[in-house]
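Trainee: Could you teach me how to read a protein structure, one feature at a time? I would like the general idea, then the case here.

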Amino acid sequence: MKQRCTIALDAMGGDHGPDVVVAAALSYLADNAHAELILVGNEERITRILGDASRERLRIRATTQEVAMDEAPSKALRNKKDSSMRVAIDLVKNGEAQACVSAGNTGALMSTARFVLKMLPHVDRPAICTAVPSLHGHTHMLDLGANVDCTAEHLFQFAVMGSELICAVDGVDRPRVGLLNIGQEEIKGNEQVKQAHELLTRSGLNYIGHVEGDGIFLADVDLVVADGFVGNVALKSSEGVAKFIGNSLKHQFKRTWYTRLAGLIAMPVLKNFRRTMDPRRYNGASLLGLRGIVVKSHGGADAIAFENAIYIAEKEILANIPQRIGEQVGRHLVGSDQYQETA
């Protein structure tokens, strides 16, 4: 029997707010008798959307404020203490919930979570980590936008945190770790990447070396590490390519009666391809390095995608991710003489 999980959902975050979050919550609870969810937000709107749906293992925590998607993180942190986002994170802090899931403003979520939950020992900065489809199933990437400017030591910390996440959630004993670079040769890359390469080479991680952009999807690697600027550009570029391929195929199959017939014949293959590339299956990015579990859903997520983010939070609860990351970061970083010399 699974461990009891209680997860707080920021019902007002994202482009669609409680319409999506409530639908995702009800679907998730229908298949998970061990779980309990707390919908945090405008009680009147949430209640109206719930209608006659079962409230079993579902609670509402009323709030009076919302964080806008374009709101400055500093303003949200200072002036929105009763926002759905802040209260959901507070529930994790005080132990009422074991994790928080939000589709809200990424910057506000990161800054609020860092302020409320604090960082794990020996971790300087939190990092955003998610999975993307690849030839061998999926590959995790971090950082995806939390830290635009990083040192080599930060990249080393990211590698340790991401490796432990994969070990715990995917059951991979020694995840293969690659460092995103403009080439596989050791002489390539900026000083930050070269120094991080040295740290990773001397570490106890299963480091396979540099990985180029195409290697995120083609290489035999479990984790690709980059700073937030490069990682975010790589992720958004891949999302754009996937949409371009999908739209191009649709256009080509509609050109003539012959291509329409070919499309019907290829339909089973196309459906499988679409399912493999469906971003909803990979929705939910982990904010690693915090003393609590916070999962960021895409702002435009639908109910299926948001439900997937809830499942990611559940996996991290069951694997006790913050504690495991704290232990591994301490073991890898504190015991590394070379890390101490460069830090």
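Mentor: Gladly! Let's begin with helix length: the expected span of a helix is 1.5 Å times one less than its number of residues. Keep in mind that this is a predicted model.

Trainee: What should the 26 residues of helix 9 span at 1.5 Å a residue?

Mentor: Helix 9, residues 228–253, should span 38 Å, and its end C-alpha atoms are 38 Å apart, so the two values agree. You can try helix 6 in the same spirit. Helix 6 covers residues 152–169, has 18 residues, and reaches 26 Å from its first C-alpha to its last, close to the 26 Å expected.

Trainee: Which residues of helix 9 are buried?

Mentor: Here you need a cut-off: buried means under 20% relative accessible area, exposed means over 50%, and partly exposed is in between. In helix 9, the buried residues are Gly228, Gly231, Leu235 and Ser238. What covers these buried residues includes strand 5 (127–134), strand 6 (137–142) and helix 8 (215–218).

Trainee: How many of the 18 residues of helix 6 are buried?

Mentor: In helix 6, 16 of the 18 residues are buried, so this helix is mostly covered. Look just past its end, too: helix 6 is followed by Gly171, which has a positive phi near 75°.

Trainee: Which residues other than glycine have a positive phi?

Mentor: His122 is one of them, with phi near 75°. You will find His122 in the loop between helix 5 (106–117) and strand 5. Its relative accessible area is 46%, so His122 is partly exposed. Asn320 is another case: its phi is positive, about 55°, although Asn320 is not a glycine. Asn320 sits in the loop between helix 12 and helix 13 (321–334). With a relative accessible area of 35%, Asn320 is partly exposed as well.

Trainee: And the peptide bond itself: which residues does a cis peptide bond join?

Mentor: For that, look at omega. A cis peptide bond joins Leu142 and Asp143, with omega of about 0°. Asp143 belongs to the loop between strand 6 and helix 6.

Trainee: Now for pairs of helices. At roughly what angle do the axes of helix 1 and helix 2 cross?

Mentor: To describe a pair, ask how close the axes come, at what angle they cross, and with which hand. The axes of helix 1 (residues 18–31) and helix 2 (residues 43–50) come within 10 Å and cross at roughly 55°. Helix 1 and helix 2 are therefore oblique to each other. Their crossing is right-handed. On the helix 1 side, Pro18, Asp19, Val22 and Leu26 meet Arg45, Ile46, Ile49 and Leu50 of helix 2. The residues of this contact divide into 6 nonpolar, no polar and 2 charged.

Trainee: Which residues make the contact of helix 1 with helix 12?

Mentor: Start with the geometry again. The axes of helix 1 and helix 12 (residues 303–319) come within 8 Å, crossing at roughly 55°. This makes helix 1 and helix 12 oblique to each other. The crossing of helix 1 and helix 12 is right-handed. Helix 1 contributes Val20, Val21, Ala23, Ala24, Ala25, Ser27, Tyr28 and Asp31, while helix 12 contributes Ala303, Phe306, Glu307, Ile310, Tyr311 and Glu314. Sorted by type, the residues of the contact of helix 1 with helix 12 are 10 nonpolar, 1 polar and 3 charged.

Trainee: Can we finish with single residues? Is Leu200 buried or exposed?

Mentor: For one residue, ask where it lies, how covered it is, and what it touches. Leu200 lies in helix 7 (residues 191–201). Its relative accessible area is 1%, so Leu200 is buried. Leaving out residues up to four places away in sequence, Leu200 touches Phe156, Ala159, Leu179, Leu205 and Tyr207. The C-alpha atoms of Leu200 and Gly178 are separated by 9.2 Å, with their places 22 residues apart along the chain.

Trainee: Where is Arg176, and what does it touch?

Mentor: Arg176 is in strand 7 (residues 176–180). At 25% relative accessibility, Arg176 counts as partly exposed. Beyond residues up to four places away in sequence, Arg176 touches His136, Asn206, Ile208, Asp220, Val221, Asp222 and Leu223. Arg176 and Val221 are 45 residues apart in sequence, yet 5.1 Å apart in space, C-alpha to C-alpha.

Note on methods: Residues are numbered from 1 along each chain as its sequence is written. This is a predicted model: local features need pLDDT of at least 70, side-chain atom pairs count only at pLDDT 80 or more; totals for chains, interfaces and linings use all residues. Side-chain values use heavy atoms; hydrogens and water are left out. Axes are lines fitted to C-alpha atoms, for helices over the stretch in contact, and angles run from 0 to 180 degrees between N-to-C directions. Helices (H or I, at least four residues) and strands (E, at least two) are DSSP runs, numbered from the N terminus. Angles under 35 degrees count as roughly parallel, over 145 as roughly antiparallel, 65 to 115 as roughly perpendicular and the rest as oblique. A crossing is left-handed if the near helix is turned anticlockwise from the far one by less than a right angle, and right-handed if clockwise. Contact means heavy atoms within 4.5 Å. Ala, Val, Leu, Ile, Met, Phe, Trp, Tyr, Cys and Pro count as nonpolar, Asp, Glu, Lys and Arg as charged, and the others, Gly among them, as polar. Buried means under 20% relative accessible area, exposed over 50%, partly exposed in between (1.4 Å probe, protein chains only).
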